[in-house]
Structure formats: C-alpha cells, structure tokens
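Subject: Structure handover

Hello,

Here is the structure I promised to pass on. Please open it beside this email as you read.

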Amino acid sequence: MRYQMSDRRLAAEQRHLSIAVNNIPQGLVLYDASARIIICNQPYIEMFGLSAEVAKPGCTMWRLIEHRKETGSFDGDVDEFCSSIIRNVSLGKGTRQITQAPGGRAIEIVNRPLKSGGWVATIEDITARLGVPVTLLNSSMSM
C-alpha cells in the first residue's frame, strides 16, 4: 500500500514538472554527462520546428543539432558547435551565445554546467528586446 502511494505521488510530481517545463516561454534542454537529453520542452521544439520524435530523452546533442541543421534552424558546423559547448561545460564554464534563427529572430542560448556533469541549456527569443539587426550581434561570449 505504501509503495502505491509513493508511486502515485511520484507520477503526480512528474506530471506537475512536465506541465511547468512545457509552459515556460523559454526553450529548455537538460543534458546528462554523456550529452544525452534528459528533458527537452515543447517551446524548444516549436522554436526550431523540430520533430518530437527526434528531440526526446536519450537523443544525443549531436543528433539534436544535426536535426536542427536538417530542418534549417542551424547553419554552423555541428561537430565544432557541440564540441565547444561540451568542452566548456566539462571545464565548469557556462556559455552565452546570440545567434540568428529562421525569420531573422535573435535567439540567446545559455548553457550552464551542473555538478552532476551534465548541463542545462535555456533558449530564448530575444528579438523584441534587442531592437537591432541580429547580424550585428551574431557572436559567442563566455559567461
């Protein structure tokens, strides 16, 4: 009986977390120490027009960014991009990047390392906040 209660409580907490994560306006991807997705929220999928069949738990960062390249929301070098982020987070360094997305939107990507060895990436459309052309800001910055 006690196990049933805790299983139900755990299921309810997981539903609540899913509701919260999928209702924030920012995209969010939580990676484990092996660069595999733990959580990828719906705003991230919608922001880049991705398939939920690809952007799901267990998918590698490389496959996710390759999928973005296939769908036209990433035009850089997949290996270079992924290696740079993984190198920085493994050193405990966060990164912040402003890049251009389809439609000329300015997207800020922030990667924050976690003590567990993984990291959390938050992705936000900041076009309205900037008020300047994205091409002037297309750069990477360390945090």
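Below is what I found, starting with confidence and ending with single residues.

**Confidence**

This is a predicted model. The mean pLDDT of the chain is 85. A score of at least 70 is reached by 88% of the residues. The elements vary. Helix α3, residues 61–71, has the highest mean pLDDT of the elements, at 96. Strand β6, residues 139–142, has the lowest, at 43. The pLDDT stays below 50 over residues 136–143. That stretch still has 20 contacts in the model beyond near neighbours in sequence.

**Overall layout**

The chain has 143 residues, and 36% of them count as buried. It holds 5 helices and 6 strands. Read from the N terminus, the order of elements is α-β-β-α-α-α-β-β-β-α-β. I also looked at contacts between residues at least 6 apart in sequence. Of these, 39% join residues at least 24 apart.

**The α3/α4 pair**

Two packed helices are described by the angle between their axes and the distance between the axes. Here the pair is α3 and helix α4, the latter spanning residues 78–90. Their axes come within 10 Å. They cross at roughly 140°. The cut-off for roughly antiparallel is over 145 degrees, so α3 counts as oblique to α4. The crossing of α3 past α4 is right-handed.

Which residues make the contact? From α3 come Met61, Trp62, Ile65, Glu66 and Lys69. From α4 come Val78, Asp79, Phe81, Cys82, Ser83, Ile85 and Ile86. By class, the residues of this contact divide into 8 nonpolar, 1 polar and 3 charged.

**Ile65 and Phe74**

Ile65 is worth a click. It sits in helix α3. Its relative accessibility is 2%, so Ile65 counts as buried. Leaving aside neighbours within four places in sequence, Ile65 is in contact with Tyr44, Phe74, Val78, Phe81 and Cys82. Take Phe81 from that list. Ile65 and Phe81 are 16 residues apart along the chain, and their C-alpha atoms are separated by 8.6 Å.

Phe74 is in the loop between α3 and α4. Is Phe74 buried or exposed? Phe74 counts as buried, because its relative accessibility is 13%, and the cut-off for buried is under 20%. Not counting residues up to four places away in sequence, Phe74 touches Ile65, Arg68, Lys69 and Phe81. Ile65 and Phe81 thus appear in the contacts of Phe74, while Phe74 and Phe81 appear in those of Ile65. One more distance for Phe74: Gln100 is 26 residues away in sequence and 8.7 Å away in space, C-alpha to C-alpha.

**Asn88**

Further along, Asn88 lies in helix α4. At 15% relative accessibility, Asn88 is classed as buried. Asn88 touches Lys93 and Thr95, with residues up to four places away in sequence not counted.

**Ala35 and Ile37**

Now to the strands β1 and β2. Ala35 is in the loop between β1 (27–31) and β2 (37–40). Most residues other than glycine have a negative phi, and most peptide bonds are trans. Ala35 has a positive phi, near 65°. Ala35 is also buried, with a relative accessible area of 4%.

Ile37 is placed in strand β2. With a relative accessible area of 3%, Ile37 is buried. What does Ile37 touch, not counting residues up to four places away in sequence? On the earlier side in sequence there are Val29, Leu30 and Tyr31. On the later side there are Ala55, Lys56, Pro57, Gly58, Cys59 and Leu64. Ile37 and Pro57 are 20 residues apart in sequence. In space they are 4.7 Å apart, C-alpha to C-alpha.

**Where to look**

For a quick tour, take the α3/α4 crossing with its angle of roughly 140°. Then go to the positive phi at Ala35. Finish at residues 136–143, where the pLDDT is below 50.

Best wishes

Note on methods
Residues numbered from 1 in each chain as written. Predicted model: local features only at pLDDT ≥ 70, side-chain atom pairs only at ≥ 80, totals over all residues. Heavy atoms only, no water. pLDDT = per-residue confidence, 0-100. Helix = DSSP H or I, 4+ residues; strand = E, 2+ residues; numbered from the N terminus. Contact = heavy atoms within 4.5 Å. Axes fitted to C-alpha atoms, helices over the stretch in contact; angles between N-to-C directions. Parallel < 35°, antiparallel > 145°, perpendicular 65-115°, else oblique. Left-handed = near helix turned anticlockwise from the far one by under 90°. Nonpolar A, V, L, I, M, F, W, Y, C, P; charged D, E, K, R; others polar. Buried < 20%, exposed > 50% of the residue type's maximum accessible area, 1.4 Å probe, protein only.
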